[in-house]
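Ready to practise reading a protein model? Grab a pencil and take the exercises one at a time.

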Amino acid sequence: MRLFLALWPGPGVRAQLHDWARSAHEECGGRVLRAQTLHLTLAFLDEVDPARLPVLLALMQRTPLEAFTLTFDHLGYWSDRKIVWAGAQGVPDSLVATRNTLLSQWRATGARVVTQSFRPHVSLLRHARRAPTDPYPHPLVWHCDGYVLVHSVRTPRGPHYRLLAEHHSGRTEGGEGFFETSSEKSPMPATQYGIVG
């Protein structure tokens with residue numbers, strides 16, 4: 001299973017990010033990523049043996065993410081990958097700490113952890129021809145209180161995403177809320193990259 005941990009925006013933030021993507025597309029070309037797939041990758045876990053999934057879920061259950069706010073205030077462009085992305089200037093220490101804890105605990109279970117730098121961003125366009133001339137749209141505020149585990153399924157039409165679990169702070173009377181999601185009940189059934197349509 002090809003897995004990653006991510007921050008997944010709610011409908012309001014998702015709609016605003018998608019508006020940014022469509023505006024950038026008018027100038028930069030490329031492909032607009034579907035609104036349902038917009039996310040901020042917390043950590044890419046690569047291929048994971050399905051038999052190890054309970055270990056990963058248990059790790060998530062004991063690792064909450066303190067609620068925080070991200071302010072997206074600029075657009076960037078990676079010319080080698082032809083991706084236009086939205087970025088935030090300030091990244092909370094609690095977010096970095098939780099990410100590091102998750103990866104170190106996952107490594108401690110014997111899992112192979114891919115060496116990766118953490119550059120928080122949300123990809124908006126793929127195969128873009130150029131960078132936006134105005135990289136400073138009106139700031140967008142994202143109040144985040146948790147993270148999700150996502151299964152990326154490769155298909156001829158691109159990766160499809162399925163939500164496997166989520167951990168939110170303050171979701172239940174007892175405090176943190178951890179939920180496993182069956183594929184039938186996933187709020188992201190067979191969503192994919194691809195053009196708007």
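Here are four short exercises, each with a worked solution. Keep in mind that this is a predicted model.

**Exercise 1. Find out how confident the predictor is, and where its confidence drops.**

Start with the whole protein: the mean pLDDT is 87, and 87% of the residues reach 70 or more. Next, look for the weak spot: over residues 183-197 the pLDDT is below 50. That stretch still has 44 contacts in the model beyond near neighbours in sequence.

**Exercise 2. Describe the largest pocket and its lining.**

First, the volume: the largest pocket comes to about 610 Å³. Then the lining: there are 26 residues, and those closest to the pocket's centre are His39, Thr41, Phe44, Arg81 and His121. Now ask which elements give two or more residues to this lining: they are strands S1 (2-7), S3 (40-47) and S6 (121-126). Finally, sort the lining by type: 13 nonpolar, eight polar and five charged.

**Exercise 3. Decide whether His167 is buried or exposed, and find a partner for its side chain.**

Place it first: His167 sits in strand S9, residues 160-172. Its relative accessible area is 2%. Buried means under 20%, so His167 is buried. As for the partner, the His167 side chain reaches the backbone oxygen of Met60 at 2.8 Å.

**Exercise 4. Work out the surroundings of Val55.**

Val55 belongs to helix H2, residues 53-61. With a relative accessible area of 32%, Val55 is partly exposed. Setting aside neighbours within four places in sequence, Val55 is in contact with Trp106 and Thr109. Check the second one: Val55 and Thr109 are 54 residues apart in sequence, yet 8.1 Å apart in space, C-alpha to C-alpha.

Conventions. Residues are numbered from 1 along each chain as its sequence is written. This is a predicted model: local features need pLDDT of at least 70, side-chain atom pairs count only at pLDDT 80 or more; totals for chains, interfaces and linings use all residues. Side-chain values use heavy atoms; hydrogens and water are left out. On a 1 Å grid over the protein atoms alone, a cavity is a set of points where a 1.4 Å probe fits but cannot get out, and a pocket is an open set with protein on both sides within 12 Å along at least five of seven lines; lining residues have an atom within 4 Å of a point. Grid points are joined across faces, edges and corners, and a volume is the space filled by probe spheres set on the points. Helices (H or I, at least four residues) and strands (E, at least two) are DSSP runs, numbered from the N terminus. Ala, Val, Leu, Ile, Met, Phe, Trp, Tyr, Cys and Pro count as nonpolar, Asp, Glu, Lys and Arg as charged, and the others, Gly among them, as polar. Buried means under 20% relative accessible area, exposed over 50%, partly exposed in between (1.4 Å probe, protein chains only). A polar contact is a pair of N or O atoms within 3.5 Å; within protein, one must be able to donate a hydrogen and the other to accept it, and residues adjacent in sequence count only if both atoms are side-chain atoms. pLDDT is the predictor's confidence in each residue, from 0 to 100. Contact means heavy atoms within 4.5 Å.
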